Amino acid sequence: MVDLTKKPYNLSIKQITYIKNKVQQMSTAEKVGQLFFVIGQDENSVDIPEFIHKYQPGGMMYRPDAAKKIKREITTAQEASTVPMFFAANLESGGNGLIQEGTWFGMPLQMAATDDSNSAYQLGNVPGREAFQVGGNMSTAPNHAFLVI
């Protein structure tokens, strides 16, 4: 059995108990839905709560749009879901991967060319903070994925 109190999970006993209870209460359809990570749904063409109730995805991946709209769509989906969801975007060059108003920071090779570890740190820090402000909690930048905390 995996020890969820250790790295990389670092969960508390309370969190582990919540997860175990939640999984026991879920139907097979709900568990299957959690396996899927879908393209972010646009509120102008889809009833987001209805979509979440029907498909129960584990997460959504968004393309850049206005910050207020993205935040509203993510909040709507999160509130409709019975399980906390992941919301991702391609944040490899900045927060502009999720929100149009986000900061373009630079491509990974540009940061590597600076030979400055702070530049590499900021490439993760800036877009992560900007995404978090609208509900983003995961990056699906090409060749890597990480949680935004």
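**Exercise 1. Is Gln56 buried, partly exposed or exposed?**

Solution. Keep in mind as you work that this is a predicted model.

Step 1: Find the residue. Gln56 sits in the loop between H3 and E2.

Step 2: Read its accessibility. Gln56 has a relative accessibility of 22%.

Step 3: Compare with the cut-offs. Buried means under 20% and exposed means over 50%, so Gln56 counts as partly exposed at 22%.

Step 4: Look at the backbone too. Gln56 isn't a glycine, yet its phi is positive, at about 50°.

**Exercise 2. Find Asn10 and Pro8, and say what stands out in the backbone at each.**

Solution. Step 1: Start with Pro8, which lies in the segment before helix H1 (13-25). The peptide bond that joins Lys7 and Pro8 is cis, with omega about 5°.

Step 2: Go on to Asn10, also found in the segment before H1. Asn10 is not a glycine, but its phi is positive, at about 55°.

**Exercise 3. How many aromatic pairs are there, and what is the geometry of each?**

Solution. Step 1: Know what to look at. A pair of aromatic rings is described by the distance of the centres and the angle of the planes.

Step 2: Count. The model has two aromatic pairs.

Step 3: Take Phe51 and Tyr55. Their ring centres are 4.9 Å apart and their planes meet at 50°. Planes under 30 degrees apart would be stacked and over 60 edge-to-face, so this pair is tilted.

Step 4: Place that pair. Phe51 and Tyr55 are four residues apart in helix H3 (residues 48-55), so about one helical turn separates them. Phe51 is buried, with a relative accessible area of 14%, whereas Tyr55 is partly exposed at 43%.

Step 5: Now take Tyr62 and Phe87. Here the centres are 6.5 Å apart and the planes are at 35°, so this pair is tilted.

Step 6: Place this pair as well. Tyr62 is in the loop between strand E2 (59-61) and helix H4 (67-80), while Phe87 is in strand E3 (residues 86-89). With their positions 25 residues apart, the pair links distant parts of the chain. Both Tyr62 and Phe87 are buried.

**Exercise 4. Which elements give two or more residues to the largest nonpolar core, and which gives the largest share?**

Solution. Step 1: Recall the background. In soluble globular proteins, nonpolar side chains tend to be buried together.

Step 2: Get to know the core. The largest nonpolar core has 18 residues, and those with the most contacts inside it include Ile52, Met60, Tyr62 and Phe87.

Step 3: Sort by element. H3, H4 and E3 each give two or more residues to this core. The largest share, five residues, comes from H4.

Step 4: Zoom in on Met60. Leaving aside neighbours within four places in sequence, Met60 is in contact with residues including Phe51, Ile52, Ala77 and Phe87.

**Exercise 5. What does the side chain of Glu73 reach, and is Glu73 buried or exposed?**

Solution. Step 1: Locate Glu73 in helix H4.

Step 2: Check accessibility. At 2% relative accessibility, Glu73 counts as buried.

Step 3: Follow the side chain. The side chain of Glu73 reaches the backbone nitrogen of Glu43 at 2.9 Å.

Step 4: Look around. Leaving aside neighbours within four places in sequence, the contacts of Glu73 are Gln41, Asp42, Glu43, Ile48 and Tyr62.

**Exercise 6. How many salt bridges does the structure hold, and which residues form a network?**

Solution. Step 1: Count them. There are five salt bridges.

Step 2: Begin with Asp42 and Lys69, whose side chains meet at 2.7 Å, N to O. Asp42 lies in the loop between strand E1 (37-39) and H3, and Lys69 in helix H4, so this bridge ties together parts that are 27 residues apart in sequence. Asp42 is partly exposed, with a relative accessible area of 27%, while Lys69 counts as buried at 11%.

Step 3: Follow Lys69 onwards. Lys69 and Asp65 meet in a salt bridge too, at 3.1 Å, N to O. Asp65 counts as partly exposed at 21% relative accessibility.

Step 4: Add Arg72 and Glu43, whose side chains meet at 2.5 Å, N to O. Arg72 in helix H4 and Glu43 in the loop between E1 and H3 are 29 residues apart. Arg72 is partly exposed at 43%, and Glu43 is partly exposed at 26%.

Step 5: Name the network. Asp42, Asp65, Lys69 and Glu73 are linked in a network of salt bridges.

Note on methods:
Residues are numbered from 1 along each chain as its sequence is written. This is a predicted model: local features need pLDDT of at least 70, side-chain atom pairs count only at pLDDT 80 or more; totals for chains, interfaces and linings use all residues. Side-chain values use heavy atoms; hydrogens and water are left out. Rings of Phe, Tyr and Trp (its six-membered ring) pair if their centres lie within 6.5 Å; planes under 30 degrees apart count as stacked, over 60 as edge-to-face and the rest as tilted. Buried means under 20% relative accessible area, exposed over 50%, partly exposed in between (1.4 Å probe, protein chains only). A nonpolar core is a set of buried Ala, Val, Leu, Ile, Met, Phe, Trp, Tyr and Cys residues joined through side-chain atoms within 4.5 Å. Contact means heavy atoms within 4.5 Å. A polar contact is a pair of N or O atoms within 3.5 Å; within protein, one must be able to donate a hydrogen and the other to accept it, and residues adjacent in sequence count only if both atoms are side-chain atoms. A salt bridge is a side-chain nitrogen of Lys or Arg within 4 Å of a carboxyl oxygen of Asp or Glu.
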